[in-house]
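Please work through the following exercises with the sequence and the model open beside the text, trying each task before reading its solution.

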Amino acid sequence: MTYSGEVTPGGAPAVRELDRLTVSKLSVGPMDNNAYLLTCRSTGEQLLIDAANEAPRLLELIGDRGLTAVVTTHQHMDHWVALEEVAAKTGARALVHADDAAGLPIEAETLTDGDTVRVGDCALEVIHLRGHTPGSVALLYRDPAGVPHLFTGDSLFPGGVGNTDKDPERFSALIDDVERKLFDRLPDETWFYPGHGKDSTLGAERPALPQWRARGW
């Protein structure tokens, strides 16, 4: 089945088979959060991006292979409701950017811009994006056999950057980081997976960057 990125609350995961990595996307919780389970196809090692909600469904998705780590993209509560239970039941390490660590319900290992997080034989680059929260991150997987894949949390969506509460300083930081660290570095075919809703590509969104900057959100 062709991966569409379409998921619904309470529904089945959308599964994408890359050459070395399997991406399973699940919608959880009342805010329709996306949780992403990454599975290394050669080792079976697994990593979860955002244990957002509904721990039993996340644990069912994780299954018998276990879980090495949970990366929380930022400190907002809707992205970590299930973190404590998932970490306790799997023994997974909790990872978050240092600037958002105080907002989590459990102790976590801290990340910084440029760090590498591994899942089996696959490497994810940590990209710090200021503005939605002080320590928001995106995770970049450069598929050796295909296009780059980018997990953006709530910093980038189809149609715009994340919420900055109409704060000009926060918006400026976020749009600058998104443009410089994502759009200026990565090709149009880069597929990105946001914290809520549908996926997109950088190429589909790139023409609207001047409009986003002009409107201020």
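The exercises below concern a predicted model, and each task is followed by a solution in steps.

**Exercise 1. The chain as a whole**

Work out how many helices and strands the chain has, and judge how compact the chain is for its length.

Solution. Start with the secondary structure, where five helices and 15 strands are found. Next, take the radius of gyration, which is 16 Å and thus close to the 17 Å given by the globule rule for 217 residues, so the chain is as compact as a globular protein of that length. Along the principal axes, the C-alpha atoms fill a box of roughly 50 × 40 × 30 Å. Turning to the interior, buried residues account for 54% of the 217 residues. Finally, consider the contacts between residues at least 6 apart in sequence: 51% of them join residues that are at least 24 apart.

**Exercise 2. A sheet of six strands**

Determine the order of the strands in the open sheet that contains β8 and β15, and explain which strands stand at its edges.

Solution. Following the sheet from one side to the other gives the order β8-β9-β10-β11-β14-β15, with mixed pairing. At the edges are β8 (116-119) and β15 (200-201); each has a single partner strand, so one side of each is left without a neighbour in the sheet.

Now take the edge at β8, which pairs with β9 (residues 122-128) in the antiparallel sense through four bridges. One bridge can be located by its residues, since Arg-118 has Ala-123 in β9 as its partner. The two strands form a hairpin with two residues between them, and Gly-120 in that turn has a positive phi of about 60°.

Then go to the other edge, where β14 and β15 run antiparallel and are joined by two bridges. Here Trp-191 has Thr-201 in β15 as its bridge partner. This hairpin has five residues between its strands, and Gly-197 takes a positive phi near 80°. On its other pairing, β14 lies parallel to β11 (residues 148-153) over four bridges, and Leu-150 stands opposite Phe-192.

**Exercise 3. Two strands and their side chains**

Compare the directions and the burial of the side chains along β8 with those along β14.

Solution. In β8 the side chains alternate: Val-117 and Val-119 point to one face and are buried, whereas Thr-116 and Arg-118 point to the other face and are not buried. In β14, Trp-191 and Tyr-193 point one way while Phe-192 and Pro-194 point the other way, yet all of these are buried.

**Exercise 4. The nonpolar cores and two cysteines**

Find the residues with the most contacts inside the largest nonpolar core, and then decide whether Cys-40 and Cys-122 are bonded or unbonded.

Solution. The largest core has 26 residues, and those with the most contacts inside it are Leu-21, Val-23, Leu-38, Leu-47, Val-117 and Phe-151. Among the strands that each supply at least two of its residues are β2 (21-28), β3 (33-40), β8 and β9. Apart from this core lies another, of 22 residues, including Ala-52 and Val-96.

Leu-21 offers a way to the cysteines, as the residues it touches include Leu-38, Cys-40, Val-119 and Cys-122. Cys-40 is buried, at 1% relative accessibility, and Cys-122 is buried too, with a relative accessible area of 2%. The sulfur of Cys-40 has that of Cys-122 as its closest cysteine sulfur, but the separation is 4.5 Å, which is too far for a bond. A disulfide would need the two sulfur atoms within 2.5 Å, and the count of disulfides comes to zero.

**Exercise 5. The two faces of a helix**

Identify the buried residues of α1, and explain how they are placed around its axis.

Solution. First list the buried residues of α1 (residues 55-62), namely Ala-55, Arg-57, Leu-58 and Ile-62. These cover an arc of only 165° around the axis, which puts them on the same side of α1. Next, look at the face turned away from that side, which carries the exposed residues Pro-56 and Glu-60. The packing partners of the buried residues are β2, β3, β4 and α2 (83-90). As a last step, follow the chain just past α1, where Gly-63 takes a positive phi of about 70°.

Definitions and conventions: Residues are numbered from 1 along each chain as its sequence is written. Side-chain values use heavy atoms; hydrogens and water are left out. Two strands pair if DSSP finds at least two bridges between them. Buried means under 20% relative accessible area, exposed over 50%, partly exposed in between (1.4 Å probe, protein chains only). A nonpolar core is a set of buried Ala, Val, Leu, Ile, Met, Phe, Trp, Tyr and Cys residues joined through side-chain atoms within 4.5 Å. Contact means heavy atoms within 4.5 Å. The arc is that of the directions from the helix axis to the C-beta atoms. The radius of gyration is taken over C-alpha atoms; the globule rule is 2.2 Å times the number of residues to the power 0.38. Lists of a residue's contacts leave out its neighbours within four places in sequence.
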